[in-house]
Amino acid sequence: MQPPRWLQDAVRRVPVWLIYLGTALWLGGLFAMALFGRLGVDPVAELIAQYGKGALNMLIAGLAITPLRRFTGLNLLRFRRAVGLSAFFILCAHLAVFAVLDLQSLSRLGVEIAERPFITIGMLGFVLLIPLALTSTDRAIRKMGRNWTKLHRLTYVVILLGWLHYEWQVRGEVVEPLTYLTIILILLGLRFVPRKRAPLHKNVSL
């Protein structure tokens, strides 16, 4: 299956830096809204929630790139690094707002990680994401070879931890967490669908 030619051409014209720019504008825009009281009665809590959900969305977007290419032919691989790094940057913002604006104390962050399981899980996902972000350079990919692919399979663990962290926070809500989980499991499951073998060409000789 191949996508329409016009779609492939349009995708090729999109510069990768737009992912980074869009992420920066979204982060800054939300922060400005919180600063000017446009995020409800508790802007810090809303900012933390929006950043956290934004990171989860970006991780899911990154997870979708390989199945999209395989099952629809739409090749978005050149955006994958930018999507993954953007997810990491958003998570950094999520953690920074929580530590600096909510707790207002880095020492309390350690206590929260130790005493609140959903924060422990979220922090574990963040820590696992650090080596993936650090090895997202061309040099690291060349140097690590196949080990790079093995290491970056940690993304699957990170996204499940991210979902668990999110689900734990929104206890009482069912539809949205279940929708996220369904999408994640489908995207992970598609990776295990066996590939069709190419038909063997008969060697016809007269």
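# An all-helix protein, piece by piece

Of this protein's 206 residues, 35% count as buried. What you're looking at is a predicted model. The protein has 10 helices and 0 strands, so if you walk along the sequence you get the pattern α-α-α-α-α-α-α-α-α-α. Here's a tour, from the overall layout down to single residues.

**The overall layout**

- Along its principal axes, the C-alpha trace of the protein spans about 80 × 40 × 35 Å.
- Take the contacts in the protein with a separation of 6 or more: 69% of them are between residues 24 or more positions apart.
- An unreviewed UniProt entry marks residues 14–36, 48–70, 82–101, 113–134, 154–171 and 177–193 with the feature "transmembrane region".
- One of those UniProt spans is residues 113–134, which is 95% helix and 0% strand, with its end C-alpha atoms 23 Å apart.
- Another of the UniProt spans is residues 177–193, which is 76% helix and 0% strand, and here the end C-alpha atoms lie 25 Å apart.

**The nonpolar core**

- The largest nonpolar core has 48 residues.
- Which residues have the most contacts inside this core? They are Leu47, Tyr51, Ile60, Leu109, Leu129, Ile159 and Ile184.
- Several elements give two or more residues to this core: H2, H3, helix H4 (80–103), helix H6 (117–134), helix H9 (154–169) and helix H10 (175–189).
- H4 provides the largest share of the core, with 12 residues.
- Ile60 is one of the residues with the most contacts inside the core. Leaving aside its neighbours within four places in sequence, Ile60 touches Ile159, Tyr180, Ile183, Ile184 and Leu187.
- Two of the partners of Ile60, namely Ile159 and Ile184, are also on the list of residues with the most contacts inside the core.

**Aromatic pairs**

- How many aromatic pairs does a search of the whole structure find? It turns up 4.
- One of them joins Trp26 and Tyr51, whose rings sit 5.8 Å apart centre to centre with 55° between the planes, making the pair tilted.
- Trp26 is in helix H2 (residues 17–35) and Tyr51 is in helix H3 (residues 43–72), so this pair ties together parts that are 25 residues apart in sequence.
- Is Tyr51 buried or exposed? Tyr51 is buried, because its relative accessible area is 3% and the cut-off for buried is under 20%.
- Its partner Trp26 has 32% relative accessibility, so Trp26 counts as partly exposed.
- Phe88 and Phe89 make another tilted pair, at 6.2 Å centre to centre and again with 55° between the planes.
- Phe88 counts as buried at 14% relative accessibility, whereas Phe89 is partly exposed with a relative accessible area of 40%.
- Phe88 and Phe89 also join up with Phe126 in one aromatic cluster.

**A closer look at Ile90**

- Ile90 has its place in helix H4, the element with the largest share of the core.
- With a relative accessible area of 3%, Ile90 is buried.
- Once you leave aside neighbours within four places in sequence, Ile90 is in contact with Thr23, Trp26, Leu27, Tyr51, Gly54, Ala55 and Met58.
- Among those contacts are Trp26 and Tyr51, the two members of the tilted pair described above.
- Ile90 and Ala55 are 35 residues apart in sequence, yet their C-alpha atoms are 5.5 Å apart in space.

**The largest pocket**

- The largest pocket has a volume of about 850 Å³.
- Its lining is made up of 28 residues, and Thr66, Arg80, Trp148, His152 and Arg191 lie nearest the centre.
- Which elements each supply at least two residues of the lining? They are H3, H4, H6, helix H8 (146–152) and H9.
- H3 gives the most to the lining of this pocket, with 8 residues.
- His152, one of the residues nearest the pocket centre, lies in helix H8.
- His152 counts as buried, at 15% relative accessibility.
- Leaving aside its neighbours within four places in sequence, His152 is in contact with Leu132, Thr135 and Ser136.

Terms used:
Residues are numbered from 1 along each chain as its sequence is written. This is a predicted model: local features need pLDDT of at least 70, side-chain atom pairs count only at pLDDT 80 or more; totals for chains, interfaces and linings use all residues. Side-chain values use heavy atoms; hydrogens and water are left out. Rings of Phe, Tyr and Trp (its six-membered ring) pair if their centres lie within 6.5 Å; planes under 30 degrees apart count as stacked, over 60 as edge-to-face and the rest as tilted. Helices (H or I, at least four residues) and strands (E, at least two) are DSSP runs, numbered from the N terminus. Buried means under 20% relative accessible area, exposed over 50%, partly exposed in between (1.4 Å probe, protein chains only). UniProt positions are given in the numbering used here, feature names are shortened, and annotations may be inferred rather than shown by experiment. A nonpolar core is a set of buried Ala, Val, Leu, Ile, Met, Phe, Trp, Tyr and Cys residues joined through side-chain atoms within 4.5 Å. Contact means heavy atoms within 4.5 Å. On a 1 Å grid over the protein atoms alone, a cavity is a set of points where a 1.4 Å probe fits but cannot get out, and a pocket is an open set with protein on both sides within 12 Å along at least five of seven lines; lining residues have an atom within 4 Å of a point. Grid points are joined across faces, edges and corners, and a volume is the space filled by probe spheres set on the points.
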